Amino acid sequence: MKKNDLAYDFTLPDQDGNERTLSTMLRDGPVVLFFFPAAMSNGCTRESCHFRDLKGEFEALGAQRVGISMDGADRLAKFAEKNGFDYPILADVDGDVARHYDVKRALNLLKVKRVTFVINQDRTIKEVITSEVSMNAHADRALAALRA
């Protein structure tokens, strides 16, 4: 998926077992959907905590932060509790959503590429952010895209 494409709509469970649907979440404002390879890993923890720490800036822009990985809901619940996340993290265990967003890796070692999608309320993709090494780039660049 690339900028200006229509985002694939999906329903997945969050870390608490609640079903979350993209189109439903978009009713409340733009969604910043960030794919990360593995809960509890150092890089993914830094990236997810940076999204957590910028809560006020995202809220000021009416945007929602939503993490997504191929980890199971139980692992994501532990990850969220340990780090005090105040946003949903979705369990894409079979990688179906990752395949639709073209972020699924061929090898299952890291499962997905680290990619963030800023999605407008009409489901168009406003921005695609890729960086495997700069953990802060995803939230920072998502905010810049929302402000533009």
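Select Tyr87. In this predicted model, Tyr87 has 3% relative accessibility and so counts as buried, the limit being under 20%. Now add Phe34. This residue is buried too, with a relative accessible area of 0%.

Look at the two rings together. Phe34 and Tyr87 form an edge-to-face aromatic pair. The ring centres are 5.8 Å apart, and the planes meet at 65°. Trace the chain from one to the other: Phe34 is in strand β3, while Tyr87 sits in the loop between α4 (73–83) and β5 (89–91). The two residues are 53 apart, and the pair links distant parts of the chain.

Next, select Phe51 and Phe58. Their ring centres lie 5.7 Å apart with the planes at 25°, so this pair is stacked. Both residues are buried.

Now widen the selection to Phe34, Phe36, Phe51, Phe58, Phe79, Phe85 and Tyr87. Ring pairs link these residues into a cluster. Aromatic pairs in the model come to 12.

**Arg65**

Move to Arg65, in strand β4 (residues 64–69). Is Arg65 buried or exposed? Its relative accessibility is 7%, so Arg65 counts as buried. Follow the side chain outwards from the backbone. It reaches the backbone oxygen of Phe51 at 3.1 Å. It also makes a polar contact with the side chain of Asp86, again listed at 3.1 Å.

Show the surroundings of Arg65. Beyond its sequence neighbours up to four places away, Arg65 touches Val32, Phe51, Arg52, Lys55, Phe58, Asp86, Tyr87 and Pro88. Phe51 and Phe58, the stacked rings, are among them.

**The nonpolar cores**

Which residues have the most contacts inside the largest nonpolar core? Select Val32, Phe36, Phe51, Phe58, Phe85, Ile89 and Val118. The core has 24 residues. Colour by element next: β3, α2, α4, β5 and α6 (137–147) each give two or more residues to this core. Helix α6 gives the most, with five.

Stop at Phe85. Leaving aside neighbours within four places in sequence, Phe85 is in contact with Ser48, Cys49, Arg52, Phe79 and Ala80. Another core lies apart from the largest one. It has 22 residues, among them Met25, Met70, Tyr101 and Ile119.

**Helix α6**

Select α6 itself. Its buried residues are Ala137, His138, Ala139, Ala142, Leu143, Ala145 and Leu146. What covers these residues? The cover includes β3, α2, α3 (55–60), β6 (115–119) and β7 (125–130).

**Glu47**

From His138, step across to Glu47 in helix α2. Glu47 counts as buried because its relative accessibility is 0%. Past its neighbours within four places in sequence, Glu47 is in contact with Phe34, Phe35, Phe36, Arg114, Thr116, Met135 and His138.

**The sheet**

Switch to cartoon view. Five strands form an open sheet in the order β5-β4-β3-β6-β7, with mixed pairing. Find the edges: β5 and β7 each pair on one side only. Neighbouring strands are turned by 20° against each other on average, direction ignored.

Zoom in on β4 and β5. These strands run parallel and are joined by three bridges. Pick Ser69 to see one end of a bridge; its partner in β5 is Ala91.

Now bring the helices back. Helix α2 packs on the sheet, touching β3, β4 and β6. The direction of α2 makes about 165° with that of β3. Helix α4 also packs on the sheet, touching β4 and β5. Its direction makes about 165° with that of β5.

**Last stop: Pro37**

Select Pro37, in the loop between β3 (31–35) and α2 (42–53). This loop residue has 5% relative accessibility and therefore counts as buried. Not counting residues up to four places away in sequence, Pro37 touches Cys44, Asp71, Leu110, Lys111, Val112 and Arg114. Arg114 is also one of the contacts of Glu47.

Finish with a distance label from Pro37 to Ala106. The two residues are 69 apart in sequence and 13 Å apart in space, C-alpha to C-alpha.

Definitions and conventions:
Residues numbered from 1 in each chain as written. Predicted model: local features only at pLDDT ≥ 70, side-chain atom pairs only at ≥ 80, totals over all residues. Heavy atoms only, no water. Helix = DSSP H or I, 4+ residues; strand = E, 2+ residues; numbered from the N terminus. Buried < 20%, exposed > 50% of the residue type's maximum accessible area, 1.4 Å probe, protein only. Contact = heavy atoms within 4.5 Å. Polar contact = N/O pair within 3.5 Å; in protein donor to acceptor, adjacent residues only side chain to side chain. Phe/Tyr/Trp six-rings, centres within 6.5 Å; stacked < 30°, edge-to-face > 60°. Core = buried A, V, L, I, M, F, W, Y, C linked by side-chain atoms within 4.5 Å. Pairing = 2+ DSSP bridges. Axes fitted to C-alpha atoms, helices over the stretch in contact; angles between N-to-C directions.
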